[in-house]
Every structure is written in C-alpha cells, then in structure tokens.
Amino acid sequence: MMEERYGKLAIANIMTSIWLGDWDTYEAFMNDVPEGMREELTFHSFYNRDEVQLWYDNHFFIPGDHFVSPYFSSYTKNNEDEEARRHELLCLIGLYEKTAFYFPLEQDRLPDHFGSMTAFISSILQGEIKAEQEGDGEHLQQLEEIETEMMTRFIKPVLKPLLENAEAKIIHPFFKEFLSFYVELMSEDWVEAA
C-alpha cells in the first residue's frame, strides 16, 4: 500500500505542475521518473518547453478561441445556479480546511482550479504516507475518506464535461495527451485505488 501511495503522489505532483504551468517543477519531477514509467506518461513525448508554455497560456490562462477553463465550477451541473456553485465552492474550501491546506492562497489561485485540487490530493497522499509510517490508523482512515470525497464529489463528476469542452479547443498534442491521461486516471484508476 505504501508503494502505491508513493506512486500516486509522484503522479499527482506531475499533474499539479502541469495544471499550474510550473515547468521548472515539471522538468525536475520528470528527471526523477524512471525511463520505463516515463514512457507510460505519453504526453511527455510531446514536451517542448517553449511551445508548451505558449499553449498553456492559450489553453488555460488567456480567454479566447482555444481557452479551456481550468476551474471545477465551470463544469458543474448547476453552473447556472449561482447559489449552488457558491455552496459547492464553500464545501470544497471546507474540505481544504479540514487538513489546513492553504496552497491556493499561497499560489494566488482560486480553490477550484484543477491545479489546486490536484495539489490537495498530493497533500492528502503525503499525510496518508506519514500516518501509515507512524502507525496512526485512525488519521489514515480520515485522510482516505477525505481523498475519496475529493475524487467522487469534486473531480470525477466534471471530467467528462472538461474533456468534451477541451476536445475542439486543445491544439497542442502535449495537452491533448495530458487531458486524456488525467481524465482516464482520475475517473477510473485513481478512484479504485483510493
């Protein structure tokens, strides 16, 4: 179980760096990935920092023809209902507060940015690893429950709408492959492993 948590943590860290456009961190993580595993991260074969940085801005930062919102609240079923969106955002913030996760504030990102949400998963995994090492089964169970809630309530429900929205807008192959990887991993493998 510990080895699985470390693997999930490595993947979550890589995905967080991509969602945040933090290419120095992405490159550092990828340099530490064993060659065999790197081949499974198919998006990496399309990585060219200058191109990826430019298309990151076009796809996830600058509104325009190729813009794909990196925010959970853009894809919720109740996005017409402002009160329901506000409630979901407050619930997400409440989940962050349960573990004193203040990353979005430190990074000047909104809490429902996919980078913030994926960083939260990384934070939970770090806590799970520590709890398992210390033999704190109760805390480990609490963190596993938070991870499951995060995945089932906030990430998994918006994956299909995210991918549908991105399909016609994403041009660069790195991001096409990354989004496919992200959606597949987070919708099936991650939830089963969580």
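The largest nonpolar core of this predicted model has 55 residues. A nonpolar core is a set of buried Ala, Val, Leu, Ile, Met, Phe, Trp, Tyr and Cys residues joined through side-chain atoms within 4.5 Å. Buried means under 20% relative accessible area, exposed over 50%, and partly exposed in between, with a 1.4 Å probe and protein chains only. Inside this core, M150 and W190 have the most contacts. Two or more residues come from each of α1 (2-20), α2, α4 (49-60), α5 (82-98), α7 (114-134), α8 (137-167) and α9 (173-193).

A word on conventions. Residues are numbered from 1 along each chain as its sequence is written. As the model is predicted, local features need pLDDT of at least 70, side-chain atom pairs count only at pLDDT 80 or more, and totals for chains, interfaces and linings use all residues, while side-chain values use heavy atoms and leave out hydrogens and water.

Let me turn to confidence. The score pLDDT is the predictor's confidence in each residue, from 0 to 100. Its mean over the protein is 90, and 95% of the residues reach 70 or more. Among the elements, helix α2 (residues 23-32) has the highest mean, 96, and helix α6 (residues 103-106) the lowest, 72. Where pLDDT is low, the predicted coordinates should not be read in detail.

Next, the overall architecture. The protein has 9 helices and 0 strands; helices (H or I, at least four residues) and strands (E, at least two) are DSSP runs, numbered from the N terminus. The radius of gyration is 16 Å, close to the 16 Å that the globule rule gives for 194 residues, so the protein is as compact as a globular protein of that length. That radius is taken over C-alpha atoms, and the rule is 2.2 Å times the number of residues to the power 0.38. Along the principal axes, the C-alpha trace spans about 50 × 45 × 30 Å. Of the 194 residues, 43% are buried. Contact means heavy atoms within 4.5 Å; among contacts with a separation of 6 or more, 69% join residues 24 or more positions apart.

Two helices deserve attention. For α7, the 21 residues should span 30 Å at 1.5 Å a residue, and the end C-alpha atoms are indeed 30 Å apart. The expected span is 1.5 Å times one less than the number of residues. This helix is mostly covered, with 15 of its 21 residues buried, and is followed by G135, whose phi is positive, near 70°. For α1, the 19 residues should span 27 Å, in agreement with the 27 Å between its end C-alpha atoms. Just after α1, G21 takes a positive phi of about 65°.

What is W190 in contact with, leaving aside neighbours within four places in sequence? Its partners are K8, I11, A12, M15, I121, L125, E147, M151 and L185. The last of these, L185, is in helix α9 and counts as buried at 15% relative accessibility. With the same neighbours left aside, L185 is in contact with I11, M15 and W190. L185 and M15 are 170 residues apart along the chain, yet their C-alpha atoms are separated by 11 Å.

Finally, F175 is also found in helix α9. Is F175 buried or exposed? F175 is buried, with a relative accessible area of 0%. Beyond neighbours within four places in sequence, its contacts include W23, W55, Y56 and F60. F175 and H44 are 131 residues apart in sequence and 9.6 Å apart in space, C-alpha to C-alpha.
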